[in-house]
Amino acid sequence: MIKKREDIIPIIRPFMPDRDEFMAYADSLWKTRQLSNNGPLVQELQENLKERLQVLNLVVFANGHLALDSAIKALDLRNGEAITTPFTYLSTSHALAMNGLKPVFCDIKESDCTIDEEKIEELITPSTKAIVPVHVYGFPCNYRRIQEIADNHRLKVIYDAAHAFGVSVDGKGIGTLGDASMFSFHATKVYHTTEGGAVTCNTADLVPKLVAAKNFGMISPEEATSISFNAKMTELHAAMGLANLKSLDLQIAQRKVRVEQYLDRISGIKGIRTFSWDNPKIAYNYAYFPALFDESVLGVGRDVIAERLREEYRVLVRKYFYPLVSDLQCYHDSCNIPIARKISSQVLALPLFAELTADQVDYVCDAIQEIVKA
């Protein structure tokens, strides 16, 4: 038996930038006294993010959910249906439903848990207004096929890229895909501003609509053309974002090392399936490390493994994503999604963050091996 730890290994630990670098940005607030309303730090952050994400247009928001909501509003999508995935955080579907769009749940692929593009067309009806795929765990969706379907049926495409900051595919920044993409800058993400989000788009005409959507629908101090909310990012959050950008490449490199260590340690265990990060056309951000635990092979179920890791070994893991959004009481949709149900019943996200040590990963893997071989 391995020696049990007394300290907890968290599933995620928010990255903190160099204190002096953060304070250098934050100190400017005492000079400008502009804390919100598109201050200089927010403007600087938007320009830096555009460069980092290789996008033409970008607007920052108070959080990712309001960013997605604003993208839906800016594209004038309401009163219909939108095809999306049940294998995501509930924010994706909530943003649709709160804009009068019924989420229509499409199954996912076993290979990477993203929406199964070959099952989208059968779900399209005269009421369908958009496709809202999710780059799950930072794995890019099949954007070429999705765009082809959208063009054939004259549908909009909004990507939920909450997990995919810094990812590129075929040499393109992930935020250049579709009509718009939403990024989350929550503290648990690879890149964060404590709380925050952004929408990227290729069409400049969408920018003033996004700006209005995050400011009560106002287009000037005396005119509002739509009904919306307050979703502005503060200068303090922008300061955190500017400081964190400086360490992003190092963070991603550290995450990659730990992902490779996990793969080396557990990918060969019969009954545990891991995913692949070996596509040379994709620059990954190593946002999460999901693994699937097959009870029929292991003799012990995912839920028991999660509980024993937490209670006996003090390792925190997450059933990410379980339950499926479609199974939540507020949706309760009996859709045909066998692959999503299978993966949701088996998946655990293991600890992964920039400062995770090699010894900690070894301990997690040793604990898993001990449990499944007991």
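**View 1. Strand S14 sends its side chains two ways, and every one of them ends up buried.** In this predicted model, Phe-289, Ala-291 and Phe-293 point one way from S14, Pro-290 and Leu-292 point the other way, and all are buried. In a regular strand, side chains alternate between the two faces of the sheet. Follow S14 through residues 289-293 and you will find that 5 of its 5 residues are buried, so the strand is mostly covered. What stands beside S14? Strand S12 (residues 272-274) pairs with S14 in the antiparallel sense over 3 bridges, and here Ile-272 stands opposite Phe-293. Strand S15 (residues 347-350) also pairs with S14 in the antiparallel sense, over 4 bridges. In that pairing, Pro-290 of S14 stands opposite Ala-349 of S15.

**View 2. Strands S7, S6 and S13 form an open sheet.** The 3 strands come in the order S7-S6-S13, with antiparallel pairing. Which strands are at the edges? They are S7 (172-173) and S13 (282-283), each of which pairs on one side only. Strands of a sheet pair through backbone hydrogen bonds, either parallel or antiparallel. Look at S6 (residues 168-169) and S13: they run antiparallel and are joined by 2 bridges. To find one of these pairings, start from Val-169, whose bridge partner in S13 is Ile-282.

**View 3. Helices H9 and H13 pack against each other.** H9 covers residues 248-266 and H13 covers residues 358-373; their axes are 10 Å apart and meet at an angle of about 30 degrees. Are the two helices roughly parallel or roughly antiparallel? Angles under 35 degrees count as roughly parallel, and H9 and H13 are therefore roughly parallel to each other. Their crossing is right-handed. On the H9 side, the contact is made by Arg-258, Gln-261, Tyr-262, Arg-265 and Ile-266. On the H13 side, the contact is made by Ala-358, Val-361, Asp-362, Val-364, Cys-365, Asp-366 and Gln-369. Sorted by kind, the residues of this contact divide into 6 nonpolar, 2 polar and 4 charged.

**View 4. Asn-215 sits in a loop between a helix and a strand.** The helix is H7 (206-213) and the strand is S10 (218-220). How exposed is Asn-215? Its relative accessibility is 24%, so Asn-215 counts as partly exposed. Leaving out residues up to four places away in sequence, Asn-215 touches Phe-229 and Lys-232. You can also find Ile-227 in this view: Asn-215 and Ile-227 are 12 residues apart in sequence, and their C-alpha atoms are 9.5 Å apart in space.

**View 5. Ser-127 lies in the loop between strands S3 and S4.** S3 spans 101-105 and S4 spans 128-132, with Ser-127 in the loop between them. Ser-127 has a relative accessible area of 36%, so this residue is partly exposed. Which residues does Ser-127 contact, once neighbours within four places in sequence are set aside? They are Gly-80 and Glu-81. Now trace the chain from Ser-127 to Leu-101: the two residues are 26 apart along the chain, with 9.3 Å between their C-alpha atoms.

**View 6. The loop between helices H11 and H12 holds some backbone details to look for.** H11 spans 302-311 and H12 spans 338-346, and Phe-321 has its place in the loop between them. A cis peptide bond joins Tyr-320 and Phe-321, with omega about 25 degrees. The peptide bond from Tyr-322 to Pro-323 is cis too, with omega near -5 degrees, and Pro-323 has its place in the loop between H11 and H12. Also lying in this loop is Arg-314. Although Arg-314 is not a glycine, this residue has a positive phi of about 60 degrees. Arg-314 counts as partly exposed, because its relative accessibility is 32%.

**View 7. Asn-79 has a positive phi in a residue other than glycine.** The phi of Asn-79 is near 55 degrees. Where is Asn-79 along the chain? Its place is in the loop between helix H4 (64-74) and strand S2 (80-84). With a relative accessibility of 62%, Asn-79 counts as exposed, because the cut-off for that word is over 50%.

How values were computed
Residues are numbered from 1 along each chain as its sequence is written. This is a predicted model: local features need pLDDT of at least 70, side-chain atom pairs count only at pLDDT 80 or more; totals for chains, interfaces and linings use all residues. Side-chain values use heavy atoms; hydrogens and water are left out. Axes are lines fitted to C-alpha atoms, for helices over the stretch in contact, and angles run from 0 to 180 degrees between N-to-C directions. Angles under 35 degrees count as roughly parallel, over 145 as roughly antiparallel, 65 to 115 as roughly perpendicular and the rest as oblique. A crossing is left-handed if the near helix is turned anticlockwise from the far one by less than a right angle, and right-handed if clockwise. Contact means heavy atoms within 4.5 Å. Ala, Val, Leu, Ile, Met, Phe, Trp, Tyr, Cys and Pro count as nonpolar, Asp, Glu, Lys and Arg as charged, and the others, Gly among them, as polar. Buried means under 20% relative accessible area, exposed over 50%, partly exposed in between (1.4 Å probe, protein chains only). Two strands pair if DSSP finds at least two bridges between them.
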